Amino acid sequence: MATAQQRPPSRTADAATAAGVDISPRLYNSDLAPTKVRGRSWGAYNVFTLWGNDVHSLGNYAFAMGLFALGMSVWDILIAFAVASGLLFVLLTLSGRMGSRTGVPFPVMSRIAFGVRGSQLPAMVRGAAAIAWFGIQTYLASQVLRTLIKALWPGAAQYDTNAILGLSTLGWISFMFLWVVQVLIVSFGMQAIRRYMAMAAPTVLVTMLALAVWMFVKADASVALDNGHPFTGGPQWLHIFEAAALWVVVYGTFVLNFCDFTRNATSDRSIARGNLIGIPVNMLFFALIAAVLSGAQFRIDGQVITSPTQVVQGIPSTILLALACLALLMLTVAVNLLANFVAPVYTLVSLFPQRLTFRSAGVVSALIGLVILPWNLYDSPVAVTYFLGGLGALLGPVFGIVMADYWLLRRAQIHVPHLYTEDPASTYHYRRGVNPKAVGVFVPAAVISVVIALVPAFSGISGFSWFIGAGLAAAAYWTVSDRTQTFEHVDGESIAVAAE
């Protein structure tokens, strides 16, 4: 793939002529351009496979099993996930339609509310969180690979006792292998990611179901419904709704940049159908598996587990252990590509559209995820809580502003070519490319959201920080906006590129 400088110089000029506006090369390249409606290939099954992979991540299972460990019963967990999945279905369907209707990725989408220059603020917040989690998820996957290597080659354990920058020799080999695999997949673009998702999703679902059935049989076809100390009364419902809120927060990042994928969707209907099976149905299936794994293990020996890897390590057959580890590796790579790789790639391309392409931005993103030594970040509760928790809390206000601007203020009437011009008279230029109202609303809402998330005095409502930040930002933005404006809808077909 050629670099941005090597592309034909007429590309931007041709787009400007076709659109009738002055398209800026500092805002436009073939990776940021809208996708043509004709030729989009992401159908309902492809949307479903996003969730078929992402929901069943090791981190998500640790979250769900942790609820059982804290005292929530199986029924409490299922109710919490039912509430959360219903809300997520609505939010992600609305977010997904923004992508299919405009054909643009999130950094460009955020130009609508924040301005063609101000959009770098939300894009960098989303990208920074994603890069950190890319490194962490790769590290977690490398732990599974280390287990597999030592199971197949016991002698490898001698290379897992030293430490080089916090990681053993075997740890480095495992991490770098998975790091290279992910970079190679991304280097082939979104089409390669789509195909990988389509292959991985059924493998993951069958594996997790088989693991749950095996544990259920091992526990004599019964599971413990709680850990012996269940919540009751008011605390029970408080924990149910807090767990539901936290589950939505887990997907707060994906809710923002879902358009990175749905810009290639065939229709709004395909998004809704894929989301229906992938979110409410799949998430309840996930919650049931987590409950069975936790309850069965507790029934067997009274042990409270917090990850499927603890179950996998107890598989007596080396062959079955190897197959389970391979499925978990396939799963973690899929989750990382979806949730933590695509977002920073588009962010970097939007920051340097004349220098970076999707492929080169993927390498840069991966390098940053490597040099931060993510295992040290993950092993530090302070870093995870304050750095990553703080970044997560910032995403609520961004979501509130973007959604309020697109759906409530503009009612989906978007002038797509104006997203790529620096003309002062264009719709999204605002004041020198920045919408002061959006930034002015974001800052106080973000401060409130972060304080609620991190300050111990607000621990009782900290799980709702994303919602509070999103609600405050949306209400404030709606209040300060000029609601008497009229908006023109112009599609981006004149400057669009072929979909992947």
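Reader: What makes the link between the side chains of Arg410 and Tyr430 a polar contact?

Author: The model is predicted, and in it the side chains of Arg410 and Tyr430 come together at 2.5 Å. A polar contact needs a pair of N or O atoms within 3.5 Å, one able to donate a hydrogen and the other to accept it. The 2.5 Å pair joining Arg410 and Tyr430 is inside that limit, so the name fits.

Reader: Where does Arg410 sit, and what is it in contact with once neighbours within four places are left aside?

Author: Arg410 belongs to the loop between helix 18 (381-409) and helix 19 (436-454). With those neighbours set aside, Arg410 is in contact with Ile112, Asp405, Thr427, Tyr428, Tyr430 and Phe487.

Reader: How do you know whether Arg410 is buried or exposed?

Author: Check the relative accessible area, which is 4% for Arg410. Buried means under 20%, so Arg410 is buried.

Reader: And Arg431, buried or exposed?

Author: Arg431 is also found in the loop between helix 18 and helix 19. Its relative accessibility is 59%. Exposed means over 50%, so Arg431 counts as exposed. As for spacing, Arg431 and Arg410 are 21 residues apart along the chain, and their C-alpha atoms are separated by 19 Å.

Reader: What about Arg432: what is its phi, and is it buried or exposed?

Author: Arg432, in the loop between helix 18 and helix 19, has a phi near 55°, a positive value in a residue other than glycine. Its relative accessibility is 76%, so with the exposed cut-off at over 50% Arg432 counts as exposed.

Reader: Which value does phi take at Leu165, and where is that residue?

Author: Phi of Leu165 is near 55°, which is positive, and Leu165 is not a glycine. Leu165 lies in the loop between helix 7 (120-152) and helix 8. Its relative accessible area is 56%, over the 50% mark, so Leu165 is exposed.

Reader: Why is Ser57 called buried?

Author: Ser57 is in the loop between helix 2 (44-54) and helix 3 (58-70). The relative accessibility of Ser57 is 5%, under the 20% limit, so Ser57 counts as buried. Beyond its neighbours within four places in sequence, Ser57 is in contact with Leu331 and Val335.

Reader: How do you know that Val248 is buried?

Author: Val248 has a relative accessible area of 1%. That is under 20%, so the label is buried. Val248 is part of helix 10 (residues 233-250), and not counting residues up to four places away it touches Ala84, Leu87, Leu88, Leu91, Trp466 and Phe467.

Reader: On to helix pairs. What makes helix 8 oblique to helix 15?

Author: Helix 8 (residues 169-187) and helix 15 (residues 318-351) pack at about 55°, with axes 10 Å apart. That angle is neither under 35 degrees nor within 65 to 115, nor is it over 145, so helix 8 is oblique to helix 15. The crossing is right-handed. On the helix 8 side the contact is made by Leu178, Gln182, Val183, Ile185 and Val186, and on the helix 15 side by Leu329, Val333, Asn336, Leu337, Phe341 and Val345.

Reader: How many residues of that contact are nonpolar, polar and charged?

Author: Nine nonpolar, two polar and no charged. Gln182 and Asn336 are in neither the nonpolar nor the charged list, so they count as polar.

Reader: Why is helix 15 called roughly perpendicular to helix 16?

Author: Their axes come within 8 Å and cross at roughly 115°. The range for roughly perpendicular is 65 to 115 degrees, so helix 15 gets that label against helix 16. The crossing of helix 15 and helix 16 is right-handed. The contact includes Phe341 and Pro344 of helix 15, with Gly362 and Ser365 among the residues from helix 16. By class, the contact of helix 15 with helix 16 divides into ten nonpolar, two polar and no charged residues.

Reader: And how does helix 9 pass helix 15?

Author: In a left-handed crossing. The axes of helix 9 (residues 190-218) and helix 15 come within 9 Å and cross at roughly 145°. Among the residues making the contact are Met190, Thr203 and Thr207 of helix 9, and Ala324 and Tyr346 of helix 15. The class count for the contact of helix 9 with helix 15 is 19 nonpolar, two polar and no charged. Thr is in neither the nonpolar nor the charged list, so Thr203 and Thr207 count as polar.

How values were computed
Residues numbered from 1 in each chain as written. Predicted model: local features only at pLDDT ≥ 70, side-chain atom pairs only at ≥ 80, totals over all residues. Heavy atoms only, no water. Helix = DSSP H or I, 4+ residues; strand = E, 2+ residues; numbered from the N terminus. Buried < 20%, exposed > 50% of the residue type's maximum accessible area, 1.4 Å probe, protein only. Contact = heavy atoms within 4.5 Å. Axes fitted to C-alpha atoms, helices over the stretch in contact; angles between N-to-C directions. Left-handed = near helix turned anticlockwise from the far one by under 90°.
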